[in-house]
Amino acid sequence: MNKEVLMNKVTKFSVSASESAHSLVAKANDWYRRSEVRAELGRIGGDVREWLERNKESADRYGDGRIRDGSWLPISGWDHTEDDIRLDLRLAGTRNRLFEHGLRRYLNRMVYAGLLSGEAHERFDVAVTFEMKALHEELIGYRLSTIPRVQSKTVSLTDLRDRFNMSANTNMTKIRDGRLVVMAAFGLWSVRIDRYGHYAIRAGEVAVTFHRAVFAPVLAHFKPLLNGKPSEEK
């Protein structure tokens with residue numbers, strides 16, 4: 001089976017039954033464990049990091065760069081401040097914009113590199129919400145912990161229901177098909193399914209690479225600029 005055929009089988013974004021979901025998750029886990037795929041993810045990380053640090057474009061809904069929309073981080077409009085509250089708000093805003101624009105661009109480049117099927121563009125919105133950002137940071141925190149019992153922590157479909165403030169009566173199939181399958185196909189979640197059909201979710205290879213190679217270094221790059229430029233004296 002060639003790479004394109006395998007990729008299209010792995011990065012599907014809809015399933016018709018639990019058996020299909022189990023198969024997709026297993027194939028996605030294997031796909032993102034491939035050494036050549038991981039190498040490509042690292043290369044994409046470097047490209048996206050440079051794109052973000054240049055700060056000349058924004059990422060549109062599909063992750064394409066748009067000069068006409070201005071830079072993704074509007075630092076030119078920051079006046080000088082030493083106010084801790086304003087600096088904290090700027091840092092929070094930078095993190096939010098970095099996650100959305102950076103992850104859209106990263107997924108976009110994965111499509112162009114042949115790591116995701118073309119239909120992935122239509123599902124980017126699932127991955128870049130504020131709720132997903134909070135969960136991403138939680139899962140990355142577990143993965144990067146040096147404490148084994150923390151590093152091995154996972155979340156379940158029930159946890160997802162609660163985190164996304166869904167009704168207790170929400171059908172778990174809706175969560176599985178609407179979020180878990182998409183995030184597993186993107187490589188943002190690594191999912192294990194036991195013999196009873198219980199799902200255990202961890203940060204996936206794409207999430208870890210994105211955070212290490214893109215999010216953390218780009219945030220460090222822009223942190224010294226949070227104070228803004230002092231006004232020119234007349």
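Where is the place of T154? In this predicted model, T154 sits in the loop between α7, residues 148-151, and α8, residues 157-163. With a relative accessibility of 30%, T154 counts as partly exposed, since the partly exposed class runs between the buried limit of under 20% and the exposed limit of over 50%. If you look for a contact across the chain, T154 and L139 are 15 residues apart in sequence, and their C-alpha atoms are 7.7 Å apart in space.

Let me turn from that loop to helix α3, which takes up residues 35-54. The 20 residues of α3, at 1.5 Å a residue, should span 28 Å, and the end C-alpha atoms are 29 Å apart, which agrees with that expectation. The buried residues of α3 are V37, L41, I44, G45, V48, W51 and L52. Viewed down the axis of α3, these buried residues fall within an arc of 135 degrees, so they line one face of the helix. On the face turned away from that buried side, α3 carries the exposed residues S35 and A39.

What phi does N55 take just after α3? The value is positive, about 55 degrees, although N55 is not a glycine. N55 belongs to the loop between α3 and β1, the latter being residues 58-59, and at 10% relative accessibility it counts as buried. There is another asparagine to set beside it, namely N165, whose phi is near 55 degrees, again a positive value in a residue other than glycine. N165 is found in the loop between α8 and α9, with α9 covering residues 172-186. N165 has a relative accessible area of 70% and is exposed, whereas N55 counts as buried.

Now to the pockets. The largest pocket holds about 200 Å³ of space, and of the 10 residues that line it, the closest to its centre are I75, S76, W78, G228 and K229. Sorted by class, the lining of this largest pocket has 3 nonpolar, 5 polar and 2 charged residues. The second largest pocket has a volume of about 170 Å³. Of the 13 residues that line this second largest pocket, those closest to its centre are N29, R33, R38, S190 and E205. Two elements, α2 (18-33) and β3 (189-193), give two or more residues to that lining, and the largest share, 4 residues, comes from α2. By class, the lining of the second largest pocket has 5 nonpolar, 4 polar and 4 charged residues.

Two of the residues just named lead us to the salt bridges, of which the structure holds 18. Side chains of opposite charge can pair when their charged atoms come close. Which side chain meets that of R38 in a salt bridge? The partner is E205, at 3.3 Å from N to O. R38 lies in helix α3 and E205 in helix α10, residues 205-222, so the pair ties together parts that are 167 residues apart in sequence. R38 is partly exposed, with a relative accessible area of 38%, while E205, at 19% relative accessibility, counts as buried, the limit for that class being under 20%.

A further pair is R95 and E137, which form a salt bridge with their closest N and O atoms 2.7 Å apart. This pair links distant parts of the chain, with R95 in helix α4 (residues 84-112) and E137 in helix α6 (residues 130-144), 42 residues apart. R95 is partly exposed, at a relative accessible area of 25%, and E137 is likewise partly exposed, at 28%.

Finally, consider a salt bridge within one helix. R104 and E100 form a salt bridge in which the closest N and O atoms are 3.3 Å apart, and both residues lie in helix α4, 4 residues apart, about one turn of the helix. R104 counts as buried, at 7% relative accessibility, whereas E100 is partly exposed, with a relative accessible area of 30%. Through salt bridges that share partners, R61, E100, R104 and D125 are joined into one network.

Terms used: Residues are numbered from 1 along each chain as its sequence is written. This is a predicted model: local features need pLDDT of at least 70, side-chain atom pairs count only at pLDDT 80 or more; totals for chains, interfaces and linings use all residues. Side-chain values use heavy atoms; hydrogens and water are left out. The expected span of a helix is 1.5 Å times one less than its number of residues. Buried means under 20% relative accessible area, exposed over 50%, partly exposed in between (1.4 Å probe, protein chains only). The arc is that of the directions from the helix axis to the C-beta atoms. On a 1 Å grid over the protein atoms alone, a cavity is a set of points where a 1.4 Å probe fits but cannot get out, and a pocket is an open set with protein on both sides within 12 Å along at least five of seven lines; lining residues have an atom within 4 Å of a point. Grid points are joined across faces, edges and corners, and a volume is the space filled by probe spheres set on the points. Ala, Val, Leu, Ile, Met, Phe, Trp, Tyr, Cys and Pro count as nonpolar, Asp, Glu, Lys and Arg as charged, and the others, Gly among them, as polar. A salt bridge is a side-chain nitrogen of Lys or Arg within 4 Å of a carboxyl oxygen of Asp or Glu.
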